[in-house]
Amino acid sequence: MACPALPTCGLALAEAERVLPAVMRQIEADLDALGLANVPISVRMTGCPNGCARPYMGDIGFVGRTKDIYNVYMAVTCSTHA
C-alpha cells in the first residue's frame with residue numbers, strides 16, 4: 001500500500017506510489033533468495049511523515065524524508081516453539 005505522494009500531494013517529500021512496485025520487486029527477490037517467498041508480509045510506503053498509507057502499521061514501512069531518502073520501520077515479532 002502506498003499514498004499518492006509526489007507529484008500529486010502538496011505535503012509529500014518523496015515518491016511513494018510510483019516507486020513502490022520497484023521496491024516490492026527487490027523485497028520479493030530478497031525473500032525468495034532467503035527461502036521466505038511464501039511468508040506473507042505487509043509493506044506500506046508514504047511520501048511524508050503524515051502517514052496516509054499507515055506505514056507504521058505494516059511489517060515494513062517506508063516514510064519519505066526527502067527525494068529518494070526514506071526512513072525504514074520494521075515490525076519485530078518474537079515467537080517460541082516448543
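**Cysteines and a tyrosine pair**

Q: How many disulfides does this predicted model have?

A: A disulfide is a covalent bond between the sulfur atoms of two cysteines. Here the cut-off is a pair of cysteine sulfur atoms within 2.5 Å, and by that rule the count is zero. A word on the ground rules: this is a predicted model, where local features need pLDDT of at least 70, side-chain atom pairs count only at pLDDT 80 or more, and totals for chains, interfaces and linings use all residues. Residues are numbered from 1 along each chain as its sequence is written, and side-chain values use heavy atoms, leaving out hydrogens and water.

Q: Why is Cys3 not bonded to Cys52?

A: The closest cysteine sulfur to that of Cys3 belongs to Cys52, and at 5.9 Å it's too far for a bond. Cys9 is in no disulfide either: the nearest cysteine sulfur, in Cys48, sits 5.8 Å away.

Q: Are Cys3 and Cys9 buried or exposed?

A: Go by relative accessible area: under 20% is buried, over 50% exposed, and in between partly exposed (1.4 Å probe, protein chains only). Cys3 has 9%, so it's buried. Cys9 has 29%, so it's partly exposed.

Q: How many aromatic pairs are there?

A: Rings of Phe, Tyr and Trp (its six-membered ring) pair if their centres lie within 6.5 Å; planes under 30 degrees apart are stacked, over 60 edge-to-face, and the rest tilted. That gives one pair here. The ring centres of Tyr56 and Tyr73 are 5.3 Å apart with planes at 75°, so they're edge-to-face.

Q: How exposed are Tyr56 and Tyr73?

A: Tyr56 is partly exposed at 42% relative accessibility, and Tyr73 is partly exposed at 35%.
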